[in-house]
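Visitor: Could you take me through this model, one feature at a time, and show how each answer is reached?

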Amino acid sequence: IAAGWTSCKTQSLGAMGLIRAGEFLGEPSLKKTAEKAIIATLENSEMSTEINGWRIYRDLSGVEESCVLNSHLYMLMAISDIVEVRGTKKWRSFLSEELSNTEKILPLYDIANSTVYDLSHIFHNVPPNKASPQYHSTHVMQLKWLDEKVDSEKINEIAKRWETYLY
């Protein structure tokens, strides 16, 4: 990958680490840096794709669209963390909007006995890229984490259904 690429997953995980470190150390500058990292990713037009008006966060900039699910969910988790520590009306509203989008896109990743890793089957006319058991478990864990943080019956329902695919 050429220099200068951006990754929603790494930006999100980095921001979440900074938020936790900022909370633990009582260092507000770390949380501010995390917020800046999330904003920079959100403002990068290559970091999301729209389907039916729904925003899906992408794994990497500058590569073919595939919309890796765990990257999208990590971005939502990072936004949720920012809401928890910053609590501004702007961030709460943004989380609500992104949560609504996520509830609508999750069925695109459901193949009735597992999840798909990404949406390459929609963008590139190829068979669905079934998630490995490890990635499917990650998707379930991410939804369960979100379910603890946000008020969404849909997220709860999908997390429970996807968990049944593990057995």
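**Helix packing, a hairpin and two asparagines**

Guide: In this predicted model, the axes of helix α3 (residues 69-86) and helix α6 (residues 133-149) come within 10 Å and cross at roughly 20 degrees.

Visitor: How are α3 and α6 oriented, roughly parallel or roughly antiparallel?

Guide: Two packed helices are described by the angle between their axes and the distance between the axes. Angles under 35 degrees count as roughly parallel, and the axes of α3 and α6 cross at roughly 20 degrees. The orientation of α3 relative to α6 is therefore roughly parallel.

Visitor: Which hand does the crossing of α3 and α6 have, left or right?

Guide: The hand of a crossing depends on whether the near helix is turned anticlockwise or clockwise from the far one. For α3 passing α6, the crossing is left-handed.

Visitor: How many residues in the contact of α3 with α6 are nonpolar?

Guide: From α3 the contact draws on residues including Leu69, Leu73, Leu76 and Met77, and from α6 on residues including Tyr135, Met141, Leu143 and Leu146. Polar and charged side chains also take part, among them Asn70, Asp81 and Glu84 in α3 and Thr138, Gln142 and Lys149 in α6. Five of the contact residues are polar and three are charged, while the number that are nonpolar is 10.

Visitor: Is serine 80 buried or exposed?

Guide: Serine 80 is found in helix α3 and, leaving aside residues up to four places away in sequence, touches Leu95, Trp145, Lys149 and Val150. Because its relative accessible area is 4%, and under 20% counts as buried, serine 80 is buried.

Visitor: Which residue in β2 stands opposite glutamate 50?

Guide: Strand β1 (residues 48-51) and strand β2 (residues 54-57) pair in the antiparallel sense over four bridges, and they form a hairpin with two residues between them. Opposite glutamate 50 in this pairing stands arginine 55.

Visitor: What is the phi of asparagine 52?

Guide: Most residues other than glycine have a negative phi. Asparagine 52, in the loop between β1 and β2, is exposed, with a relative accessible area of 63%. Its phi is positive in a residue other than glycine, with a value near 55 degrees.

Visitor: What is the relative accessible area of asparagine 125?

Guide: Asparagine 125 is found in the loop between α5 (120-123) and α6, and its phi is near 55 degrees, a positive value in a residue other than glycine. Over 50% counts as exposed, so asparagine 125 is exposed, with a relative accessible area of 74%.

Key:
Residues numbered from 1 in each chain as written. Predicted model: local features only at pLDDT ≥ 70, side-chain atom pairs only at ≥ 80, totals over all residues. Heavy atoms only, no water. Axes fitted to C-alpha atoms, helices over the stretch in contact; angles between N-to-C directions. Parallel < 35°, antiparallel > 145°, perpendicular 65-115°, else oblique. Contact = heavy atoms within 4.5 Å. Nonpolar A, V, L, I, M, F, W, Y, C, P; charged D, E, K, R; others polar. Pairing = 2+ DSSP bridges. Buried < 20%, exposed > 50% of the residue type's maximum accessible area, 1.4 Å probe, protein only.
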